[in-house]
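Reader: I'm new to protein structures and would love a close look at one single part. Could you walk me through it slowly?

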Amino acid sequence: MSKSVPEPWRIKMIEPIRMTTKAQRKKALIEAGLNPFILKSEDVFIDLLTDSGTGAMSDRQWANILLGDESYAGSKSYYQLSQAVNEIFDFQYTIPVHQGRGAEQILFPVLVELAKEKGASDPVFLSNHHFDTTKAHVELAGARANNFICSSSLQTEIADDWKGNFDLNELSNEIKNNLKNIVAIIITVTCNSVGGQPVSMDNIRSAARMARDAGIPVIIDAARFAENAYFIKQRDHAFFHETIPNIVKEMFSEADIFTMSAKKDGMVNIGGLCCFRNNESLFKQVQLRCVPMEGFVTYGGLAGRDMAAMAVGLQEALEEDHLHSRITQVEYLGHKLQQAGIPIQTPVGGHAVFVDARKIFPDIKPENFPAQVLCNALYLESGVRATEIGSLMMGRNPITGQQEPALFELMRLTIPRRTYTDNHMNYVADSLIEVVKKADTLKPLEFEYESKILRQFTARFREIER
Ligand SMILES: Cc1ncc(COP(=O)(O)O)c(C=O)c1O
């Protein structure tokens, strides 16, 4: 048996969490319209809704918060942040934004306009897989979002090391057949929508080179850049002896632009980035949109102290002992579930364990949201909050308005960074094992209320008979 490696930190401050009774949880879930997104956090015991902005900051980050410069323009903290970006990614131009979608909303319309000026009549972004807000912002900018994820990612039982990869043949065909309409390619690292799965260095290089040869801009959606780099070091023998900072530099050397939700690997509770390698003219056009949408160009919707925390967080994200401890904890939960025969996306992803609800409820139709059924049952059983990544999140076809089946019906157990212990993971696993034993008794869902976009956040449901 390999020797266990403990967390590379000790706890200096604690936040109490409250266990509720089953009756309290039932009442809370009914009031929330059977949608865990609408629950009050005080009614949740262990919150695995997301790893976004939910992690614990370090003493170094808190110390730098006190040094934050709150000047409206030209804040010292902005220059500290852009220096960190320059050192880590080798990118010259930094726009801070309030979070990842802030970058999407200021960047995509500019890129769509540029593509139209060059003759695009049906603008489209190509990605291994667009995250849901990314797809929403592509569509709000008047373009379409097409995914080119490799086929192994769709089979949760196949343990492929690189399930975040592009299907390069399909990508290449699309570039050949539809070049004039392509706005950009977006490489999402790791790929959240297929289970926090990494993209290999070879695949990043090949996709980026194909795009570059065709004159298409390459964007990295960098929310989980450090976790992707860690997987490359673990799984690609060409990088076994390379440092994480060097792997990150190499990944980003393939991109022209990156957007980042810094609430993940950036280790902050709020913040994001929109950065440009060297295209000063594009940077300036996007800056112009930043002012009315996010705020002045040296704060972009953030306080000086938020930028100060991010400058330190980006550096801490690269620490290998942190990455090892984080990814091992997610694996620990995944392996416990696997040992109990619960079907999950394999191998276990970087930030979350994705449970395959389609396999648990083969008879519940996508439009009756099997993964949402599972999330609700887990909450009722234990007070653990998870989230649906499936037909509910995917939304309707924007052209036909029809509900189409998503590629997956997954329940995501998302682990915040540096926040919970393995004992919390044991409780989550034990609770889910109990729920799955009762799978036959759980009821499908239908909408009581559905909003037009990003409906998963506000939808309300009722149960129907099976
Ligand atoms: C891959 C990816 N891209 C973009 C976003 C959007 O970032 P934010 O929630 O900070 O707006 C997320 C958020 O979860 C994400 O996982």
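How many residues line the largest pocket, and which of them lie nearest its centre?

Author: Happy to! This is a predicted model, so local features need pLDDT of at least 70 and side-chain atom pairs count only at pLDDT 80 or more, while totals for chains, interfaces and linings use all residues. Residues are numbered from 1 along each chain as its sequence is written, and side-chain values use heavy atoms, with hydrogens and water left out.

The largest pocket is lined by 39 residues. Find Met13, Ala56 and Met57 in your view, then Arg418 and Thr419: these five lie nearest the centre of the largest pocket. (On a 1 Å grid over the protein atoms alone, a pocket is an open set of points with protein on both sides within 12 Å along at least five of seven lines, and a cavity is a set where a 1.4 Å probe fits but cannot get out; lining residues have an atom within 4 Å of a point.) The volume of the largest pocket is about 1,500 Å³, counted as the space filled by probe spheres set on points joined across faces, edges and corners.

Now look at what surrounds this pocket. Domain 1 (22-51 + 319-463) and domain 2 (59-317) each give at least three residues to its lining, with bounds from an automatic or database domain assignment. Two helices, α2 (59-66) and α12 (320-339), each supply at least two lining residues. Of the two, α2 is the one that gives the most to the lining, with 3 residues. (Helices are DSSP runs of H or I, at least four residues, numbered from the N terminus.)

What about chemistry? The lining of the largest pocket has 15 nonpolar residues, alongside 13 charged and 11 polar ones. (Asp, Glu, Lys and Arg count as charged; Ala, Val, Leu, Ile, Met, Phe, Trp, Tyr, Cys and Pro as nonpolar; the others, Gly among them, as polar.)

The closed spaces share some residues with this picture. There are 3 cavities of 30 Å³ or more, and the largest cavity holds about 80 Å³ of space. Arg418 and Thr419 return here, both lining the largest cavity, just as both are among the residues nearest the centre of the largest pocket. Their companions in the cavity lining include Glu7, Pro8 and Trp9, as well as Pro416, Arg417 and Tyr420. His322, Ser325, Arg326 and Gln329 also line the largest cavity. By class, that lining divides into 4 nonpolar, 4 polar and 4 charged residues.
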